[in-house]
Amino acid sequence: MKTIDKILRNNAGHWVGDGFPVRSLFSYNGDTRAISPFLLFDYAGPWTFEPNAANPRGVGQHPHRGFETVTIVYDGEVSHRDNSGGGGTIGNGEVQWMTAGSGIIHEEYHSAGYSKTGGPFRMVQLWVNLPAKDKMTPPGYQAITRDSIPEIALDGGRARIIAGDFSGTSGPARTFSPVNLWDVRLDADAQVTLPLPDGHTTMVAVLSGHVTIDGQGLGEAEIAQLSLAAEGVEIKADGQTMLLVMTGEPIDEPVVGHGPFVMNTEAEIRQAFADFNSGRFGAMAPA
Ligand code: MN
């Protein structure tokens with residue numbers, strides 16, 4: 001069984017725009033080797049927003065290059081729009097898997113409907129690196145709806161398979177390198193063994209509730225970073241628990257990141273800024 005290498009937490013939150021109160025539980029500013037192929041994990045919420053129909057909250061136009069952003073909405077709704085003409089609304093239980101690749105400009109706001117009603121908000125945005133050979137792939141996104149995500153029963157809970165494979169059940173997301181992403185819910189006192197691959201970077205994020213792994217307790221907004229070696233992990237739920245389980249084959253390449261760009265070299269970062277500043281990412285259509 002895998003054991004805990006480290007517990008990641010961050011009690012200092014910050015706002016992304018005026019719509020996303022996040023805690024960054026890991027980022028590429030730390031040890032990029034230990035988190036590879038992942039780059040960043042922002043846990044937004046839980047938060048309660050008042051209605052604000054006249055002026056939806058969020059973050060305006062900004063670029064990305066060199067990786068993928070995976071947005072998982074648990075409560076509330078997020079609408080996005082990008083310069084390739086893409087757009088849509090990510091609802092409760094849905095996932096947007098966006099490939100920034102060679103470059104995208106987009107905006108992310110609370111949906112019009114959710115801005116009218118307000119209420120609970122909870123979301124995760126995970127950044128997944130692209131192998132060097134795919135960093136300049138054309139941008140695009142996968143809108144992963146609730147119905148397309150298979151759910152499997154666990155002894156004392158359930159798991160929704162967003163990406164990868166759980167004992168023969170495959171998730172719908174297409175990925176550039178081997179990644180598992182599972183939305184796991186456990187009932188109080190459940191004890192489960194999850195089939196995690198040997199050799200993958202493995203993170204178990206507690207979004208709500210409390211669990212015991214490898215003899216250590218974890219609560220809300222804490223991530224157990226598990227050992228690369230060994231298969232599987234035993235998890236005991238100390239109450240009703242919501243987890244996001246992430247594993248990925250490490251990408252053994254240098255990571256150089258600056259803000260919304262994550263490449264392999266400083267020169268590529270300078271090129272990204274030059275390309276963006278000279279309009280080579282294109283432009284968004286007026287709202
Ligand atoms: Mn973005």
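Trainee: Where is the place of His62?
Mentor: His62 sits in strand S5, which covers residues 58-64. Keep in mind that this is a predicted model.

Trainee: Is His62 buried or exposed?
Mentor: His62 counts as buried, because its relative accessibility is 17% and the cut-off for buried is under 20%.

Trainee: What does His62 touch, leaving out residues up to four places away in sequence?
Mentor: His62 touches Ile104, Ile105, His106 and Glu108. In addition, the His62 side chain reaches the backbone oxygen of Gly60 at 2.8 Å.

Trainee: Which residues are the protein donors of the manganese ion?
Mentor: His62, His64 and His106 each donate through NE2, and Glu108 through OE. These donors lie 2.2 to 2.4 Å from the manganese ion.

Trainee: How are the donor residues spaced in sequence?
Mentor: The spacing is H-x1-H-x41-H-x1-E. His64 belongs to strand S5 and His106 to strand S10 (residues 104-110), so this pair ties together parts that are 42 residues apart in sequence.

Trainee: And His64 and His106, buried or exposed?
Mentor: His64 is buried, and His106 is buried as well.

Trainee: Staying in S10, what is Glu107 in contact with, beyond its neighbours within four places?
Mentor: Glu107, found in strand S10, is in contact with Val59, Gly60, Gln61, Ser79, His80, Arg81 and Met284. Glu107 counts as buried, at 14% relative accessibility.

Trainee: Where does Arg57 lie?
Mentor: Arg57 is in the loop between strand S4 (38-49) and S5.

Trainee: What is the nearest side chain of opposite charge to Arg57?
Mentor: That is Asp18, 5.4 Å away. Arg57 is buried yet has no salt bridge; the salt-bridge cut-off is within 4 Å. Arg57 does touch Asp18, and its other contacts outside four places in sequence include Phe49, Tyr109 and His110.

Trainee: Different topic. Why is strand S17 largely enclosed by the rest of the structure?
Mentor: Because seven of the eight residues of S17 (residues 179-186) are buried.

Trainee: Which strands pair with S17, and in what sense?
Mentor: Strand S14 (residues 157-163) pairs with S17 in the antiparallel sense over six bridges. Strand S24 (residues 241-248) also pairs with S17 in the antiparallel sense, over eight bridges. For register, Ala163 stands opposite Leu181 in S17, and the bridge partner of Asp183 in S24 is Leu244.

Trainee: Which side chains of strand S18 point to which face?
Mentor: In S18 (residues 191-194), Val192 and Leu194 point to one face and are buried. Gln191 and Thr193 point to the other face and are not buried. That fits the general pattern, since side chains in a regular strand alternate between the two faces of the sheet.

Trainee: What does S18 pair with?
Mentor: S18 pairs with strand S23 (residues 233-237), antiparallel, over four bridges. Gln191 stands opposite Lys236 in S23.

Trainee: Backbone next. Where are cis peptide bonds?
Mentor: One runs from Ser36 to Pro37, with omega near 15 degrees. Another joins Gly45 and Pro46, with omega about -5 degrees. Pro37 lies in the loop between helix H1 (32-35) and S4, while Pro46 is found in strand S4.

Trainee: Which residues have a positive phi without being glycine?
Mentor: Asp214, at about 50 degrees, and Ala221, at about 65 degrees, are examples. Most residues other than glycine have a negative phi.

Trainee: Are those two buried or partly exposed?
Mentor: Asp214 counts as partly exposed at 39% relative accessibility, whereas Ala221 is buried at 3%. Asp214 is in the loop between strand S20 (211-213) and strand S21 (216-218); Ala221 is in the loop between S21 and strand S22 (222-226).

Technical notes. Residues are numbered from 1 along each chain as its sequence is written. This is a predicted model: local features need pLDDT of at least 70, side-chain atom pairs count only at pLDDT 80 or more; totals for chains, interfaces and linings use all residues. Side-chain values use heavy atoms; hydrogens and water are left out. Helices (H or I, at least four residues) and strands (E, at least two) are DSSP runs, numbered from the N terminus. Buried means under 20% relative accessible area, exposed over 50%, partly exposed in between (1.4 Å probe, protein chains only). Contact means heavy atoms within 4.5 Å. A polar contact is a pair of N or O atoms within 3.5 Å; within protein, one must be able to donate a hydrogen and the other to accept it, and residues adjacent in sequence count only if both atoms are side-chain atoms. Donors are N, O and S atoms within 2.8 Å of the metal (3.2 Å for Na, K and Ca); water is not among the atoms, so sites may look incomplete. Two strands pair if DSSP finds at least two bridges between them. Lys and Arg count as positive and Asp and Glu as negative; His and the chain ends are not counted.
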